[in-house]
Amino acid sequence: PPLALGQEPFWHLFCAQCDWESIGLNRSSFFRHARKLGFSFQVHYIPLHCQPILASALRGSNLAGALTAYQRLVSLPCYPDLSLADQDRIINWLLSLSSSSPGI
């Protein structure tokens, strides 16, 4: 994303929200395909109510927004040694998945 004036971010995490149905994949097949290409996508934030220790805890809402985000978000490869060429490969692959739809 564009930087704000004077901003010096520490790029440690960048996520994409995926509409799995529109790209014809599920998260597991996406990760498998990415690994075959040498990409290391991840899921970083698992909602608290999905953590085993809290799964049976009472809560005041169904937390549907947190669950939807968890099901759709993937963390893109982001590390200091990631070359511009690798960034371009990742971007082009993601664009190829979404070329027929705006799902990713």
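Which helices do the buried residues of helix 4 pack against? Keep that in mind as you click around; this is a predicted model.

Start by selecting helix 4, residues 84-98. Its 15 residues should span 21 Å at 1.5 Å a residue, and the end C-alpha atoms are 21 Å apart, so the two values agree. Now colour I90, W93, L94, L97 and S98, the buried residues of this helix. They sit on the same side of helix 4, because they cover an arc of only 135° around the axis. Swing round to the other side and you'll find L84, A85 and L95 exposed.

Back to the opening question: show helix 1 (20-23) and helix 2, and you have what the buried residues of helix 4 pack against.

Next stop, helix 2, which runs over 27-36. Pick out R27, S29, F30, F31 and A34, which are buried here. Their cover includes helix 1, helix 3, strand 2 (73-75) and helix 4. Zoom in on the start of helix 2: a side-chain oxygen of N26 comes to within 3.1 Å of the backbone nitrogen of S28. Then hop to G38, just after helix 2, where phi is positive at about 90°.

Last, select H49, in the loop between helix 2 and helix 3 (64-72). Is H49 buried or exposed? Its relative accessibility is 13%, so H49 counts as buried. Show its surroundings: leaving aside residues up to four places away in sequence, H49 touches L54, A55, R59, N62, L63, A66 and L67.

Note on methods:
Residues numbered from 1 in each chain as written. Predicted model: local features only at pLDDT ≥ 70, side-chain atom pairs only at ≥ 80, totals over all residues. Heavy atoms only, no water. Helix = DSSP H or I, 4+ residues; strand = E, 2+ residues; numbered from the N terminus. Buried < 20%, exposed > 50% of the residue type's maximum accessible area, 1.4 Å probe, protein only. Contact = heavy atoms within 4.5 Å. Expected span 1.5 Å × (residues − 1). Arc of directions from axis to C-beta. Polar contact = N/O pair within 3.5 Å; in protein donor to acceptor, adjacent residues only side chain to side chain.
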